[in-house]
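Colleague: I am new to this one. Please take me through the terms and show how each is earned.

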Amino acid sequence: MRAVIEDVLLAQRGALIGWVPVCLGCGIGGYFSLQDEPGLLAFGGLTICAVLLWALSRVVSVAYAPIIVGLMLVLMGAGLAKWRTTASEAPVLGFRYYGPIEGRVVGIDRSASDAPRLTLDQVVLADMAPARTPTRVRVSVHGDQVLTTYSPGDTLIMTGHLSPPAGPAEPGGFDFQRHAWFLELGAVGYTRTPVLRLAAPARSGWTARVFAMRIAISRAVQTAMPGETGAFAAAIMTGDRSAMGKATLANLRAANLAHLLAISGLHMGLLTGFIFALVRGLFALTPLALFWPTKKIAAIFALLVGVFYLALSGGNVATERAFIMVGVMFLAVLLDRRALTLRAVAIAAIIVLVWQPEALMGPGFQMSFAATTALVAVFGHLRRIDMHRLPKWARAVLSVVISSFVAGLATAPFAAAHFNQIAHYGLIANLLSVPLMGILVMPAAVLAVCLAPFGLWQVGLWFMDLGLRWILHVAAVVAGQEGAVGHVIAPQGIVLPTLSLGLLFLVLWQGRLRFAGLACVVIAGFLWQQSARPAMLVADNGALLGVLTHEGRALSKPKGSGFVAGIWLENDGAPVPQDVAAARPGLHRTGRVVRAHLGDWAVVQLSGKVALADMPGCGGADVLISNQTDAGDRPCLVYDLRALRRTGALALDLAKNGDLLVTSAHGVAGNRPWNRRQGPAMPPHRLSLAQKRAPEAPQSHGVLQASISAD
């Protein structure tokens, strides 16, 4: 048995580099799943253990050494994530602020509500010391103001509302606090007052100049190509999606074409691949091709263009990953190695995880590397099949069909888990659109840039316009089909890690044992099917209540808190307009008082100071929820605004014995640096049904109220 095990392990040699990012990812994921932030002592312990494991790997059998190294890499991944968390620390606003805001423009985009949005650094707030002032703030601009009058680097002043980055919309949901932490984003808010320019851009570094060039090109493209095609062209050329309409974005998502907007692997690969082929083709027309290494020269040109495209696009995470991938590919060309291999994908993943460990938790990293890994693995197997008997055009068409199918299939579970929807006709839409991106749109973009110095870039833009009009038409037609989009319930937290490890084992393991990875995939699918949604949800400001009924989730009000309401309904796998959900039965509304029941438990939600002041005691409720601060002492479990700022959003469920279990978003997220302003995370509260039925039940609830509301 020992000999068999050693033979199986030795068979993995030569393909072990693929497991390096997997092990690093396990350590990073383990760090982010911790309930409590490890201190420097724990970090030092990790370092010592990693050194000991490295030493042990030097003395054990060659067959078992990779296992020891893998454990060391897991510890290194956790250490990298801890180091990145510490390095990203920046001031976070600890209260709600209203007053003057001054800052320099470093980002212009649109919010989820389609409002123009400014990202500012060099922030100045009234009566706030620089050490406590957030490094960056993000402000949505409401009203009829046009932000095209402002330029990158402008110092702006306004009067607005700011608040700390919000926690998850529900326990276990997307943690915007963590996302903002790594962006050094210390506050978010909005303004309804005029935004004024205090000072024009001063002389600054190359980053500000490139940003200014990016916005200038975006505005010039939109001027030359008015409408949605101009906004689309600006998005794929500069990464500026601020002009894209909500209806267009919805159509692209429903047709699974939204990836064409993000400057990611597709755009970077098409652009650099076109430049590589163009330069090599031009050299082939000259006698220099007989003497010079034209393939390597073309690779260097393509890399330089990739660097410029990366800088011009704003350098977001998806574009950075794409550049690393093509950089590794062209480096392989320079070293006379095969460019598209799992080894190249692994090296790109290692670079990204070492540089930005937090990227592992985002859908961009997961989907892009899932698609790339699947494509390289599938085409690696197809390379062994002789298809030269097929006509050349048939091979090209077959390659497009296979690549679209494989990429769509590989990214589908991750898209469904993060966005709760599946585009049923996405393969058809991609087959009709993606080839045109490579054949017409991206070459036309290159032509426009090349002709721009001569004032003739409209020629390239005209061809771009033709291609983009077709893509938008395909998106609109596909999205308009009945059943174009399916919705799925949000999975448990363990589902995606289990699914990912199963798929990676299937791809990376050498030998028949690789098919054991299918067992993990089946288990992940079973766990997803068993995922259950909370019976009741409470927003972190106490303004919205949602109860799960046979018809779907019923909401406490038809408008207001729309962002949170949308997330709840999407995670339920049944998104409907908020007013439709509010019209469902299951809640009893009397003015500003909403009553609901979970089994034997009564829950009351109060909106406004008057409703709270007029409520005697708890009004028959076991749990009282209010969007105001309650100064009274009530004989029930009270979650007022002060308590909810500590707990975050709430989920209420019934245990099998009828007890009421109250879980908080802060309790699920744990005590981490990005949410420390909320204070210590509290464990779930369990209200005993037996205690409720006892005569002294109200007094026991009062003790819980005191512990929740304590400041």
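Modeller: Start with pairing: two strands pair if DSSP finds at least two bridges between them. The model is a predicted one. In it, β12 and strand β13 (residues 593-598) have three bridges, in the antiparallel sense. Three meets the cut-off of at least two, so β12 and β13 count as paired. One bridge joins His588 to its partner in β13, Arg595.

Colleague: What is the strand order of the sheet with mixed pairing?

Modeller: The order is β12-β13-β14-β15-β16, an open sheet of five strands.

Colleague: What makes β12 and β16 edge strands?

Modeller: Each of them, β12 (588-590) and β16 (637-639), pairs on one side only. Neighbouring strands here are turned by 20 degrees against each other on average, direction ignored.

Colleague: Which strands make up the open sheet with antiparallel pairing?

Modeller: Six strands, ordered β11-β10-β9-β17-β18-β19. Its edges are β11 (552-555) and β19 (685-687). From one strand to the next, the twist averages 20 degrees.

Colleague: How do you know that β18 and β19 pair?

Modeller: Strand β18 (residues 660-664) shares three bridges with β19. At least two are needed, so the two strands pair. Leu660 has Leu687 of β19 as its bridge partner. Helix α19 (residues 562-571) packs on this sheet, touching β9 (536-538), β10 (545-549) and β11. The direction of α19 makes about 165 degrees with that of β11.

Colleague: Now the helices. Why is α2 called roughly parallel to α12?

Modeller: Helix α2 (residues 19-32) and helix α12 (residues 342-355) pack at about 25 degrees, their axes 9 Å apart. Angles under 35 degrees count as roughly parallel, so α2 and α12 earn the term. The crossing of α2 past α12 is left-handed.

Colleague: Which residues make the contact?

Modeller: From α2 come Val20, Pro21, Leu24, Gly25 and Ile28. From α12 come Ala346, Ala349, Ile350, Leu353 and Val354. By class, nine are nonpolar, one is polar and none is charged.

Colleague: What makes Gly25 polar here?

Modeller: The classification places Gly among the polar residues, so Gly25 is counted there.

Colleague: Why is the pair of Phe276 and Phe330 called tilted?

Modeller: The ring centres are 5.6 Å apart, and the planes make 45 degrees. Centres within 6.5 Å count as a pair, so the distance qualifies. Stacked needs under 30 degrees and edge-to-face over 60, so 45 degrees is tilted. Phe276 lies in helix α9 (residues 265-284) and Phe330 in helix α11 (residues 317-334), so the pair ties together parts 54 residues apart in sequence.

Colleague: How many aromatic pairs does a search of the whole structure find?

Modeller: Eleven.

Technical notes:
Residues numbered from 1 in each chain as written. Predicted model: local features only at pLDDT ≥ 70, side-chain atom pairs only at ≥ 80, totals over all residues. Heavy atoms only, no water. Axes fitted to C-alpha atoms, helices over the stretch in contact; angles between N-to-C directions. Helix = DSSP H or I, 4+ residues; strand = E, 2+ residues; numbered from the N terminus. Parallel < 35°, antiparallel > 145°, perpendicular 65-115°, else oblique. Left-handed = near helix turned anticlockwise from the far one by under 90°. Contact = heavy atoms within 4.5 Å. Phe/Tyr/Trp six-rings, centres within 6.5 Å; stacked < 30°, edge-to-face > 60°.
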